[in-house]
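Colleague: I'm new to this one, and I'd like to learn it a bit at a time. Please take my questions as they come.

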Amino acid sequence: MKLFNKILFFFIFVISLQTILTTIFFTNIVKRNNTKELQDQLQKDANELKNNFFSWKRLIWKMLIESAQDEEISNNILNQASDHAINILMQLLKTKYEQSPISCIGIKYNNSLLDIQEIQNNKINYSDLYQLNYHFNRVYPYENNDHPYIELKLINSKIYIIGSIRLVVTPSDFFDLFFIKVIDQQYNNYFSLNKKSIFTFHSEDEYILGNSSEELTNELTSILQKTQQHNIYNQITNIKIKNTHYLFEIHNMHFILHHDHRSNLKLLTLISTEESEKRLLKITRVVLYVSFFSAVFSLILSFFLSTNITKPIKQLVSAMHNIKNGIFNVKID
């Protein structure tokens, strides 16, 4: 029985060691692959949103340059500066950019914002747009040589990407053209449709808009206040919010004007690891189940193997004992 026990315990040890090593090996591989997959997805979604955001700035800049170089505007409008010219100028711009994805066009003659033309149906609050009269309410005024320019402005929880160019007629007469794209909650929800990642825009540590829940937004605001001290940008961090782990990344999107000051606009992107953890748990269970059934099968197999080994030896020992006692009529196969 000693040999049988030794063989049995040996098989149990080998099977247990195999189960532990297999579980650790597969779990680590799957965990690394899941983490890498989530990181790639997070960076892909974040870069897609960033590129889309900055593409609006590039598009608006292109429109500004085109308007400055447009001969029709120069020949037919700038030579007859008047309030009536604003209507003609607006019709030209509307015709030229009616298929454009920007939100609206504004025209300011000298220091009075006189006309705003909506291009896309964004349900824009026109009272908000009258805050574009920069000469009266901005921190610092723009001079002629500061044009064209593009800047971000925060108005009533909406991000306005504003491009402006000044078309000077005389030293005392000029037109300011504004090309505007509104980044609002509707835009954010549409862009984040069918994406696993969660997006939020913050001005410093103040929430602006995003597709996160209210509870998650409050937690993110709190986390952002803490990360301000460490200047953590463009690097993926693992955070835990309400018993759920997230991969988390912060991007600085340049300055944004709000009332009488400017602050940093931040894009927060995060993705939950909950689904990945559930998948890892299922794989771990499968490995354990397979190892368990393998262990049971191996134990049964070891029992038969051990029996086939120890039974002939026991017969031999018994025959030798009989011979020792003078019993010689013993035959063993």
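Colleague: Let's start with Ser 67: is it buried or exposed?

Modeller: A word first: this is a predicted model, where local features need pLDDT of at least 70, side-chain atom pairs count only at pLDDT 80 or more, and totals for chains, interfaces and linings use all residues. Residues are numbered from 1 along each chain as its sequence is written, and side-chain values use heavy atoms, with hydrogens and water left out. We call a residue buried under 20% relative accessible area, exposed over 50% and partly exposed in between (1.4 Å probe, protein chains only). Ser 67 has a relative accessibility of 1%, so it counts as buried.

Colleague: Which residue offers its backbone oxygen to the side chain of Ser 67?

Modeller: Ser 67 sits in helix 1 (residues 2–69); helices (H or I, at least four residues) and strands (E, at least two) are DSSP runs, numbered from the N terminus. A polar contact here is a pair of N or O atoms within 3.5 Å; within protein, one must be able to donate a hydrogen and the other to accept it, and residues adjacent in sequence count only if both atoms are side-chain atoms. At 2.9 Å from a polar atom of the Ser 67 side chain we find the backbone oxygen of Met 63.

Colleague: And which residues touch Ser 67 from farther along the chain?

Modeller: Contact means heavy atoms within 4.5 Å. Skip the neighbours within four places in sequence, and Ser 67 is in contact with Ile 73, Leu 93, Tyr 97, Leu 177 and Phe 179.

Colleague: Leu 177 and Phe 179 are in strand 5, on one side of it. How many residues of strand 5 are buried?

Modeller: In a regular strand the side chains alternate between the two faces of the sheet. Strand 5 has both faces covered, with Leu 177 and Phe 179 among the buried residues on one side and Phe 178 and Ile 180 among those on the other. Strand 5 (residues 173–183) is largely enclosed by the rest of the structure, because its buried residues number 11 of the 11.

Colleague: How many bridges join strand 4 to strand 5?

Modeller: Two strands pair if DSSP finds at least two bridges between them. On one flank, strand 1 (residues 104–109) runs antiparallel to strand 5 over 6 bridges, with Lys 108 partnered by Asp 176. A 2-residue hairpin connects strand 4 to strand 5, and Ile 161 stands opposite Lys 181. Strands 4 and 5 are antiparallel too, and their bridges number 11.

Colleague: Moving on to strand 3, which residue of strand 9 stands opposite Lys 153?

Modeller: Strand 3 (residues 149–155) has 6 of its 7 residues buried. With strand 4 (residues 158–170) it runs antiparallel over 7 bridges, while its pairing with strand 9 (residues 244–258) is parallel, over 2 bridges. In strand 9, Lys 153 faces Leu 257.

Colleague: How far apart in space are Tyr 160 and Leu 257?

Modeller: Tyr 160 lies in strand 4 and counts as buried because its relative accessibility is 0%. In sequence, Tyr 160 and Leu 257 are 97 residues apart, but C-alpha to C-alpha the distance is 9.6 Å.

Colleague: Now the charges: which residue pairs with Glu 37 in a salt bridge?

Modeller: Side chains of opposite charge can pair when their charged atoms come close. The rule is a side-chain nitrogen of Lys or Arg within 4 Å of a carboxyl oxygen of Asp or Glu, and it gives 6 salt bridges. One of them joins Asp 40 and Lys 36 at 2.9 Å, N to O. For Glu 37, with closest N and O atoms 3.8 Å apart, the partner is Arg 279.

Colleague: How many residues separate Arg 279 and Glu 37 along the chain?

Modeller: Glu 37 is in helix 1 and Arg 279 in helix 8. That pair links distant parts of the chain, with a separation of 242 residues.

Colleague: Last one: about how much area does the protein expose?

Modeller: Accessible areas come from the Shrake-Rupley method with a 1.4 Å probe; for residues, only the protein chains shown count as cover. Of the 333 residues, 42% count as buried. Carbon and sulfur atoms supply 55% of the exposed area, which comes to about 19400 Å².
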